[in-house]
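This briefing groups a selection of computed features by topic, for reading alongside the sequence and the coordinates.

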Amino acid sequence: MNIKRFVARNTQEALRMVKEEMGTEAVILRTRTIHPGEGKSGQAGETIEVTAAVDYDSTTNSPRKGGDTGARALIERYENLEAQIREIRDLLWSIEAGAVLQPDTIFDPQVRGQYGYFKDFGIKGEIIRSLLRKMMPADPGDSAQQGQDALKQSLINILKNINMGGEVAGGQDQAIHAFIGPTGVGKTTTLAKLAARTALEQGKKVALITLDTFRIAAVNQLETYARIMGIPMEVASTRSELRKAIARHADCDHLFVDTVGRSPRDTKEIGQLMDLLKVSKKIRGYLVLSATTDLSQLLLAETKFRALAYESYIFTKLDEVEDASSMVNFLLCQSRPVAYFTTGQQVPEDVEPASKKKLAKLILNGRGGTVMSMGNGVH
Ligand SMILES: Nc1nc2c(ncn2[C@@H]2O[C@H](COP(=O)(O)OP(=O)(O)OP(=O)(O)O)[C@@H](O)[C@H]2O)c(=O)[nH]1
Ligand SMILES: [Mg+2]
């Protein structure tokens, strides 16, 4: 190993000296600031000392210097390979983009930029095509339209295609809300959050009913919430029990019904749940899904639970996702609205009505970007 010391006015200059003398294979062992008066007479101000080392060339037993032809050839080979990979990536990108973009727009930098943005975010090709078709034509003279503005416009275009709404609301009549969905997504916790808020913040008369008699722990879980909130709770496992429980709480403004979690593959059990929920036309279903779930699984759940005629979605565990692309892709494919987002385990704090602002934040944070003001385009 060849070790050398370099002194320069700054690190950049020292590193350039190392590179010239020892080549790009050199490693920096130490960087040190030398203060004036530290035995460096004649030098004004601080200097930087860099100690670098390079391996001996096993064939020549001489240090691999910058001028070493073997090292240079290696670097060139890497650079060539890198360029080829970049070309292949661009080619793939063009083939893919060609299937999505119109021939007359494929070379438009702004359209390509928008395409790239959607693609980066993991939005599916056919959805990108429909989003781009709906986009406003670009003003070619407006350079400010690029960059942040293009990103903002893309985001607004995504969000315009997602419906929000379906929150717990009471009219003259009693409202019954059933929370259905796959296992472990947060149905019971979300129900408890919303029931607590409806009772405590809106002063409504509320009762809980659980149909989840599959596990003792499930009944205990809801009982605990009911006790803490000081609201009544019923357990029902048949249609007649459910009917009676609803009748017993006819004076309540809102009934919150918990159901047993079902795998989307359990078609038979989902059918049984559908039978149970048919007891009252007043029952409005929420399909509760976790933002941590893959897009394919979300779509499967939507197909399998469709028989239950739920009215809106609740997405849970937004606090656990780095990248909300599965949820956003899923919502882009749906006509039913998303009613709530939940963002943690705290009852009743961690729930909020779904909003485009929240989605915008998630999308931008997922890209590692800062959240920008979305102006009037996003609410
Ligand atoms: N991080 C996080 N955890 C959550 C959220 N909502 C629920 N959980 C947690 O997810 C776990 C499952 O929640 P439950 O409410 O029991 O889920 P469930 O859908 O009722 O489950 P099953 O009844 O077994 O199907 C619990 O540990 C909750 O605290 C959320 O928004 N964020
Ligand atoms: Mg549960």
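**Strands, surface and enclosure**

Val 27 counts as partly exposed, because its relative accessibility of 44% falls in the range between the 20% below which a residue is buried and the 50% above which it is exposed. The model is a predicted one, and the points below begin with the surroundings of Val 27, pass to two other partly exposed residues, and end with a strand that is largely enclosed by the rest of the structure.

**Val 27 and the nonpolar patch**

- Val 27 belongs to strand S2, which covers residues 27–34.
- Together with Met 1, Ile 3 and Leu 29, Val 27 forms a nonpolar patch on the surface, and the accessible area of these residues together is about 400 Å².

**The sheet of S1, S3 and S2**

- The order S1-S3-S2 describes an open sheet of 3 strands, in which the pairing is antiparallel.
- Strand S1 (2–8) and S2 stand at the edges and have a single partner strand each, so one side of each is left without a neighbour in the sheet.
- Averaged over this sheet and with direction ignored, neighbouring strands are turned by 15° against each other.
- S2 and strand S3 (residues 47–54) run antiparallel and are joined by 7 bridges, and Thr 31 has Val 50 in S3 as its bridge partner.
- Helix H1, made of residues 11–22, lies across S1, S2 and S3 and runs at about 145° to S1.

**Two further partly exposed residues**

- His 35 sits in the loop between S2 and S3, and with a relative accessibility of 41% His 35 counts as partly exposed.
- From His 35 to Ile 48 the C-alpha to C-alpha distance is 8.7 Å, while the two residues are 13 residues apart in sequence.
- Thr 224 lies in helix H7 (residues 216–229) and is partly exposed, with a relative accessible area of 31%.
- Thr 224 and Ala 192 are separated by 32 residues in sequence and by 9.9 Å in space, taken from C-alpha to C-alpha.

**The enclosed strand S7**

- In strand S7 (residues 254–258), 5 of the 5 residues are buried, so the strand is largely enclosed by the rest of the structure.
- In a regular strand, side chains alternate between the two faces of the sheet.
- Both faces of S7 are covered, with His 254, Phe 256 and Asp 258 buried on one side and Leu 255 and Val 257 buried on the other.
- S7 pairs in the parallel sense with strand S4 (residues 175–180) over 5 bridges, and Ala 178 stands opposite Val 257 in S7.
- Strand S5 (residues 206–210) also runs parallel to S7 and is joined to S7 by 5 bridges, with Val 257 in S7 as the bridge partner of Ile 209.

Definitions and conventions
Residues numbered from 1 in each chain as written. Chains lettered and ligands numbered in written order. Predicted model: local features only at pLDDT ≥ 70, side-chain atom pairs only at ≥ 80, totals over all residues. Heavy atoms only, no water. Patch = residues over 30% accessible without salt bridge, like charges linked within 9 Å, V, L, I, M, F, W, Y side chains within 5 Å. Areas by Shrake-Rupley, 256 points an atom, 1.4 Å probe, with all protein chains shown as cover. Salt bridge = Lys/Arg side-chain N within 4 Å of Asp/Glu carboxyl O. Helix = DSSP H or I, 4+ residues; strand = E, 2+ residues; numbered from the N terminus. Buried < 20%, exposed > 50% of the residue type's maximum accessible area, 1.4 Å probe, protein only. Pairing = 2+ DSSP bridges. Axes fitted to C-alpha atoms, helices over the stretch in contact; angles between N-to-C directions. Contact = heavy atoms within 4.5 Å.
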